[in-house]
Each structure stands twice: as structure tokens, then as C-alpha cells.
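Student: I have a structure to go through and want reasons for its labels. Can we take them one at a time?

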Amino acid sequence: MNIDPGSFNNRSSIVYAMIDCNNFYASCERVFNPKLEGKPIVILSNNDGCVIARSEEAKDLGIPMGAPEFKFRRFFKDNGVVVRSSNYPLYGDMSRRVMEVLRNLTHDIEVYSIDEAFAELSTQTYSDLNEYGRVIKQTIYQWTGLPVSVGIAPSKTLAKIANETAKRNLTYKGVLNLCNNPGTDQILKKMPLQKVWGIGHNLTIRLNRFDVNTAYDLKQKVDYKRWVRKHLNVTGLRTVLELNGLPCMQLSEALESRKGILTSRMFGKPLYDLTEIEEAVSTYISRAAEKLRAQHSLASNMQVTLIGDKFKNPKSKYKYGAYTSFKVPTAHTPTLIHAGKQITRSIHLPETKYKKAAIMLTGLVHNSEVQMDLFDPELYTRQQYTLMECIDQINTRHGRNTAAFAATGLHRKNNEAVDWKMNQNFLSKRYTTEWEDIMIAQAR
Amino acid sequence: MKLSQKAETGFVSPAADHLQKPLDLEELIVHHPAATFYVRAEGNAMQASGIHDGDILVVDRSIHPKEGAIVIAAIEEEPVIRRLVKRGSRLFLISDAPKFEPITIHPDTNWLIWGVVTHVIHRYKS
């Protein structure tokens with residue numbers, strides 16, 4: 001391993017920023033409802049099961065992530081906590097807006113999650129990076145109403161640490177630049193190892209044994225080449241270099257590729273009936289297949305798991321799963337649903353109450369890695385591919401489930417409430433995606 | 001990859017070389033898509049400015065509000081539609097209807113400008 005800082009400097013006019021929306025879901029709710037300003041807000045999971053996001057005020061009240069709604073109902077009421085079901089159409093649209101603003105302001109961006117992005121900043125745009133960071137923060141706030149934190153650094157790993165620090169320590173006012181910042185080591189000394197991007201739980205425990213406890217400790221290991229080679233893999237090595245301000249990861253270079261797609265949800269109420277369970281499973285499969293196609297992948301295997309009521313019958317087995325492999329990787333929803341129904345029938349027990357189903361697609365390969373055969377009916381054909389592409393386009397343009405598969409229980413949609421569909425009792429409006437739901441302002 | 005391709009037969013349209021995109025209303029009224037939101041007006045206090053009860057307002061958050069602009073403002077956390085005016089060094093939010101007192105912006109007023117109204121979409125009742 002040779003470390004020559006000079007060799008990294010050919011892109012020296014580019015630095016990295018991590019932009020992260022503060023308490024994104026809660027902030028989205030606030031934009032269209034100024035009355036929520038300063039109030040504790042919690043967002044519930046699909047099906048209103050538990051808390052998945054909190055405003056700062058809700059964190060201060062000590063409400064933990066994952067808090068079950070039914071257990072905290074009283075506490076929420078007593079403390080004036082505003083409760084919301086998750087409103088993904090709203091969050092998705094607001095996320096799109098943030099990314100668009102960011103795209104206009106920077107050299108290039110990588111959308112990292114619904115509320116975070118890495119960006120390349122060119123020092124030619126603004127010679128003062130602190131000023132650049134403030135412009136990003138201020139513009140996103142003005143255009144979308146969403147508060148963000150900005151961390152700027154010579155590498156992505158440091159940019160993430162800068163962001164984390166800027167968010168936590170209010171004196172930075174949401175913007176921290178670690179390029180040529182003499183305080184960098186002080187900040188790294190305060191950053192526990194498990195918070196460093198790419199350092200997992202197991203690695204943290206292993207490194208703690210060598211008295212490597214903070215980001216700073218790990219950074220120092222760059223001088224101990226043999227030690228690094230012995231105890232860290234390539235990813236770990238890159239992390240050490242990145243902590244030293246030597247960029248090893250460019251935009252869109254994820255730490256590890258996605259290995260599988262999991263769709264798992266609670267039913268709206270417990271189900272016994274095989275037909276209803278099959279409909280639910282088919283729906284989850286078509287959602288998972290959409291995700292699969294969105295990342296241009298095909299799946300080789302599928303696992304379906306039905307989850308019963310653990311608490312009712314603590315001694316009985318409550319999880320029933322089975323697995324199937326496809327002859328050739330596929331992203332064809334009918335093929336997946338067909339297989340999923342067979343699995344469901346094989347594991348479903350009569351007189352058993354099920355609460356949840358999970359679909360896992362694994363063995364993912366990229367479209368381009370698979371040869372499509374036009375004539376073998378067993379294979380994922382070009383015709384199937386084109387049909388799927390067409391359905392996805394219709395649903396993107398005209399809204400989810402405009403074109404859906406009959407197996408998902410479509411035929412009952414209009415006349416009868418479908419029992420396994422989600423509970424969403426605290427849903428705010430779809431302010432940006434439905435005309436009937438737009439914000440109202442008073443002229444009186 | 002397309003399996004079926006329509007074949008052109010007969011005479012070629014004389015307009016084929018002059019095809020242009022049809023006019024797009026959104027292009028005319030939305031200049032900053034990421035910052036543009038639609039808001040429904042309730043009440044007739046801004047009628048003289050062309051805003052009627054039930055109209056849809058096109059609101060651009062990216063524009064800096066100039067004196068005289070019609071804005072969506074959150075006053076005491078309530079979204080309202082008013083005209084921003086400056087008299088001397090003081091800011092006011094006024095309506096077109098005399099029965100609504102101008103709102104004076106004091107240094108301690110709890111307010112913010114949510115966005116600037118750029119267009120009104122009004123539907124005539126027929």
C-alpha cells in the first residue's frame with residue numbers, strides 16, 4: 001500500500017458535500033401546516049404501527065424510534081404530540097424538489113436516500129466553501145421550506161462526519177466545512193467509530209479491542225500499513241484513507257451493492273383466509289418487482305414468509321417461510337406472483353391467524369448480465385420485459401396501481417373494503433400531488 | 001427495443017418538417033418547478049386583485065418578494081393571502097377589502113412569507 005497524497009490531487013478543485021434534510025418527514029408536514037412549528041411531531045410506519053420519524057421536539061420528549069403507537073397513545077395525548085401516518089407521496093415529491101435545487105447548485109449529485117445526497121462542489125463556483133454551504137442551505141430552505149444540514153470535506157466519509165457534526169452542534173448553524181480546517185482532528189476525536197460511514201457493528205467491536213475507538217484513532221492507523229492490511233478489508237482501507245482527506249470514493253460509488261429486496265408489511269388486520277393472504281402476498285410481490293425493475297435488476301430467488309401471532313401462542317411456531325429459485329432470473333410480475341401463490345399455499349396452515357407477510361427477492365443480477373431468449377417460454381423474454389416496462393411507465397405517469405394485476409385483489413377494490421390494506425388514520429394531505437389536497441390560504 | 005414499428009405509407013405530410021411541440025401552459029406559468037406550489041384561495045378579500053374564492057394560485061417560493069407583491073404569508077401560523085406594502089420603513093400586509101385592517105409587521109410579529117403569488121387560475125362558472 002502506497003499513499004501518495006500527490007496522486008489524489010488531480011481533482012483538487014472538487015470537494016464533496018453531504019446534504020441531509022433535518023427530521024425530513026416531520027419537516028415536510030410542517031411546510032404545509034405552519035401551526036406545527038415548534039410542536040412535537042411523530043410519523044408512524046405504514047399501517048400506523050410504530051414511530052419511524054420524529055421532530056426535534058419529539059426527540060426531546062424522549063420518544064424512542066420504533067415506539068408502538070398503541071403503547072404511547074396516552075403519552076402523545078398528554079404531551080400534545082402531533083401524530084401523522086406516513087405520507088410517502090408528499091415526502092417523495094418534496095425529496096424530488098430538494099434534489100432538483102441541489103442539482104442546479106452543484107457540479108453533480110448522488111441521491112443517497114430520500115433525504116440525503118452527496119454533491120460535488122467545484123471550488124471554482126465559490127472560492128469560500130463555507131459561503132457555498134450557506135448558499136445551499138439557504139436556497140433549499142427558501143425554495144422548499146425544508147431545513148437541511150451541509151457537511152463539506154475533501155472526501156465523502158469526512159463529508160458525512162461534517163454533516164453529522166453540523167447537525168448535532170448548533171454553533172455551526174447547520175454548515176460545517178472540514179477542508180483545510182485545523183479543527184478537523186478535534187471533531188474526529190469526538191466521533192465514535194460506529195458512526196463512521198462504512199464501519200459496521202462487528203468491525204467496531206473488533207477495532208475497539210485494539211483501542212481504536214474514534215474516527216481519529218482510525219485515521220492515525222494510516223501510518224501502520226501492516227496493521228491496516230491485517231485487520232481491515234478493502235472498504236476499511238478506503239475508509240482510513242478517506243479519513244485522511246484522500247478521496248477514494250467518487251459519486252455513486254456505493255460501499256456495497258444491494259444484495260436483496262425485502263417487502264414486508266403488517267396486514268390491516270389479522271387474516272385467516274387463504275384467498276385474502278394470497279392477494280396480500282401478490283400485492284407485496286408486485287411492489288417488490290417494481291423496485292427490482294427500477295434498479296434494472298432481475299431476481300434469481302424468492303422467499304415468502306408468513307408471520308403469525310407470536311404473542312397469542314408463544315409456544316407454537318409463528319413464522320412460516322419457503323423459498324423458490326427461478327430457472328433464469330426474472331422481473332416478470334406474473335411469473336413472480338405465480339410462484340408466490342404456490343409458496344403461500346404450501347406454507348399456509350388452516351385455522352391460523354397471520355399478521356404479516358414478507359417477500360424477499362435475492363440473487364439479484366443486472367439486466368445486461370442476462371441473455372433474454374425470445375422463444376423459450378420458460379425464460380424472461382423480451383416480450384415480458386417490454387410489457388413490464390410499459391406497465392411501470394403507466395403507473396409512473398398515472399399513479400400507482402393504475403395498471404395492476406388481478407391477483408392483487410383488484411376486483412374488490414371498489415365495492416368492498418379490503419381487510420389487509422393499510423391503516424392510515426392520521427394521514428395529512430397530498431399537498432403536492434393531488435389537486436383536491438392543495439394547501440388553503442385565507443383571503444378573509 | 002421495439003417489436004412493432006408503424007410503417008408510414010401514402011403521402012408524407014407537408015408539415016412533417018415543421019413539427020413543433022404543442023404549447024404547454026405549465027411552461028408559461030411555472031419558471032421554477034422545484035419551488036412552485038399550488039394553493040387554493042378561500043374568501044373574497046383579494047377580489048379587486050383578481051383573486052376569487054376557490055381560485056387556484058400559482059406560488060413561487062424562489063422569488064424574493066418585492067414591495068407590492070401578492071404573497072402567501074403565515075401570520076400567527078395561519079396561511080393568508082395579502083399584498084405586501086411598505087410605508088416609510090414599516091411593512092404591512094393589506095387586503096383589498098376595507099373591512100380587513102392592514103396587518104402591521106412589528107419586529108416581534110410571528111410571521112413569515114411562504115411564497116409569492118405569480119398567477120391566478122380562475123374558472124368561470126357557466
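Tutor: Start with a pair of residues in this predicted model. A:Asp108 stands opposite A:Glu120 in β6(A).

Student: What makes β5(A) and β6(A) paired strands?

Tutor: Pairing needs at least two bridges. Five bridges join β5 (residues 108-113) of chain A to β6 (residues 116-122) of chain A, so the two count as paired. They run antiparallel. With two residues between them, β5(A) and β6(A) form a hairpin.

Student: How do you know that β2(A) and β4(A) pair, and in which sense?

Tutor: The same test applies: at least two bridges. Strand β2 (residues 41-44) of chain A and β4(A) share four bridges, so they pair, and the sense is parallel. One of the partnerships sets A:Ile43 against A:Arg84 in β4(A).

Student: Why are β3 and β4 of chain A called edge strands?

Tutor: Because each pairs on one side only. The open sheet has three strands in the order β3-β2-β4 (chain A), and its pairing is mixed. From one strand to the next, the twist averages 30 degrees.

Student: What packs on that sheet?

Tutor: Helix α1 (residues 24-31) of chain A does, touching β2, β3 and β4 of chain A. Its direction makes about 110 degrees with that of β2(A).

Student: What describes the packing of α12(A) and α13(A)?

Tutor: Two packed helices are described by the angle between their axes and the distance between the axes. For α12 (residues 274-294) and α13 (residues 333-347) of chain A, the axes come within 9 Å and cross at roughly 140 degrees. The crossing is right-handed. Among the residues that meet are A:Leu274, A:Ile277 and A:Val281 in α12(A), and A:Leu336, A:Ile337 and A:Lys341 in α13(A). By class, the contact has seven nonpolar, five polar and four charged residues.

Student: Why is the meeting of A:Arg444 and B:Glu42 called a salt bridge?

Tutor: The cut-off is 4 Å between a side-chain nitrogen of Arg or Lys and a carboxyl oxygen of Glu or Asp. Here the N to O distance is 3.5 Å, so the pair qualifies. Across the interface of chain A and chain B the rule finds two salt bridges.

Student: How much area is buried between chain A and chain B?

Tutor: About 2,900 Å², with carbon and sulfur atoms giving 60%. A:Arg444 returns here: with A:Trp143 and A:Ala443, A:Arg444 supplies 23% of the area that chain A buries against chain B. No other three residues supply more. The contact takes 27 residues from chain A and 32 residues from chain B.

Note on methods. Residues numbered from 1 in each chain as written. Chains lettered and ligands numbered in written order. Predicted model: local features only at pLDDT ≥ 70, side-chain atom pairs only at ≥ 80, totals over all residues. Heavy atoms only, no water. Axes fitted to C-alpha atoms, helices over the stretch in contact; angles between N-to-C directions. Left-handed = near helix turned anticlockwise from the far one by under 90°. Contact = heavy atoms within 4.5 Å. Nonpolar A, V, L, I, M, F, W, Y, C, P; charged D, E, K, R; others polar. Buried area = accessible area lost by both parts, 1.4 Å probe.
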